[in-house]
Amino acid sequence: MTAAEQSVHTQQPVRTRALIIGSGFSGLGMGIELQRRGVDFLILEKADEIGGTWRDNTYPGCACDIPSHMYSFSFEPKADWTHMWSFQPEIQDYLLGVTAKYGLRRYIRFNTHVDRAHWDDSELRWHVFTDTGQEYIAQFLVSGAGGLHIPQIPDIEGREDFTGAAFHSAQWDHSVDIRDKRVAVIGTGASAIQIVPEIVKDVAELQLYQRTPAWVMPRVNNTFPLWMRRVFSYVPGTRALLRAAIYWIHEGVGFAMTQQPRLLKIGELMGRYNINRSIKDPELRRKLTPNYRAGCKRILNSDTYYRGIANPKTQVITERIARMTPTGIVTADGVEHPVDVVVWATGFHVTDSYTYVDIKGAGGEDLVDRWNREGIQAHRGIAVAGMPNLFFLLGPNTALGHNSVVFMIEQQIRYVGQAIAAVDSAGAEALAPSRRAQDEFNAELQHDLRDTVWNTGGCRSWYMDEHGVNRTLWSGMTWQYWLATRNLDASEFDFLRDGRDTKALDVGVPAGA
Ligand code: N01
């Protein structure tokens, strides 16, 4: 009986070889890889549908800011994307299609929220528990939860007293009618700049609360004409050529971000042009112009954002939010702004997102405690010393500021597949990277990050942890990550054959401790 069959209607522990948490791009991709390798697996999904980010984010205007021909699996190309930068429904449809094609639904347990997981040193297995107390026992545990799934809502005095509707951009409440309402959008990041132009036409008044302006590049996102989609479908090589062109253009931006931040001044010229062509008021232009190097925070793209701001219904408020009242927002200058609806476009818990599940590895060591102490780090962003057979997809320092994360996910699922194969071919039960290998990898990574725009660009971003260390982004070009993960190097790992080997694990002491 496979784990998929066994786990239907059971409170008995369910055994499987591999457990995957989450069914977004990462979890689905991992499932496909394990299917291909004939490894028995289950996917535990907290929600009632697949899709992750692309299921949750349904706010008006939600789209991907990486072109779809690149923001999709290389092994599942789609020739007929309707837009260069697709909107959420089409991306979610794509993931639904992939799920159906690979028959993944039967491996997925929906409404299954993983609470905690611990490694059993003698049995060499993960014991994973959901919030309903269901236990799963697996040899391998893969987190595909990603870093952008826990909404962050600032703790503003009086927030609980506000009596109007209020929701986070990733939890858009479609039952709330915003038409002819006074709507406050808090934040001016990737989500907000897509929301603003979309809702301004409907609302009575739009208050946009900006703490830091973003660099927003002009772009045109027309639909691909039918003939072009046909060419991509029927003329061999054309779609692959487009994908390659997109890839290398984005790598070019990555080169500037990681090697030559000065080159990003060109982007700043484009950003200024984008502001100036829509905004005539010099004071408003000044407010909207960032004072840090483009790329330090995510570079955004929109042809409509500044037009939305230029709409007389929009007011950009740069005063700090001091508190909320039952009917409005009070800024630091003492002005109360009455509002009916508040949209928190305030981003996600990123560098602390790992606290979502309580993980205890070899010897009962608590991963959250370790990472709180040392900062989040993993070997090649995927595996962690002292945490046998545990893998993270889009884990520490493997998100991107310049290209498609789906590319990174593909490198990682292959690497995890290789790790499982390495355990099998060594006749072992488990592996974990040695502390030395992990420290060397991270020392080099942090060294490479020193001169990047993220560390030098003069902004404060969620890429950094509370100590100002970049724990989020990959330090180089994505092809360098491909090189770094192409072939798993078994000498970087300790292998466990039985419980006694656990004592010999190189958990070590952090460098510099
Ligand atoms: O969140 P953000 P997001 N008072 O963290 C502000 C991905 N994404 O949801 O810059 C006032 O970027 C905060 O201000 P500041 C993508 O990776 C992708 O927009 O910190 N303001 C900022 O302006 C993206 O990077 C797509 O000073 C407060 C905003 O809220 C990531 O998701 C589309 C505040 C948060 O911006 C997150 O984007 C959408 C406070 N207390 C999102 N706290 C694609 O297209 C925070 N802010 C792939």
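A residue is taken as near a molecule when one of its heavy atoms lies within 4 Å of that molecule. By this criterion, 22 residues surround the ligand in the predicted model. A63, D65, S191, T212 and K297 are the closest. Residues are numbered from 1 along each chain as its sequence is written, and side-chain values use heavy atoms, without hydrogens or water. Local features need pLDDT of at least 70 and side-chain atom pairs count only at pLDDT 80 or more, whereas totals for chains, interfaces and linings use all residues.

Polar contacts are pairs of N or O atoms within 3.5 Å; within protein, one atom must be able to donate a hydrogen and the other to accept it, and residues adjacent in sequence count only if both atoms are side-chain atoms. S191 places a polar side-chain atom 2.7 Å from an oxygen atom of the ligand. For R211, the distance from a side-chain N or O atom to a ligand oxygen is 2.9 Å. For W462, it is 3.2 Å. The ligand alone exposes 910 Å², of which the protein buries 85% (Shrake-Rupley method, 1.4 Å probe).

Helix α5 (residues 190-199) supplies the largest share of the shell, three residues. Helices are DSSP runs of H or I with at least four residues, numbered from the N terminus. Ten shell residues are nonpolar, eight polar and four charged. Here Ala, Val, Leu, Ile, Met, Phe, Trp, Tyr, Cys and Pro count as nonpolar, Asp, Glu, Lys and Arg as charged, and the others, Gly among them, as polar. Domain 1 (12-61 + 88-150 + 350-502) and domain 2 (159-223 + 256-344) each give at least three residues to the shell. Their bounds come from an automatic or database domain assignment.

The second largest pocket is lined by 26 residues. M217, H250, V253, I299 and N301 lie nearest its centre. A pocket is an open set of points on a 1 Å grid over the protein atoms alone, where a 1.4 Å probe fits, with protein on both sides within 12 Å along at least five of seven lines; lining residues have an atom within 4 Å of a point. Helix α7 gives the most to this lining, seven residues. Both domains contribute to the lining, so the pocket lies between them.

Definitions and conventions: Helix = DSSP H or I, 4+ residues; strand = E, 2+ residues; numbered from the N terminus.
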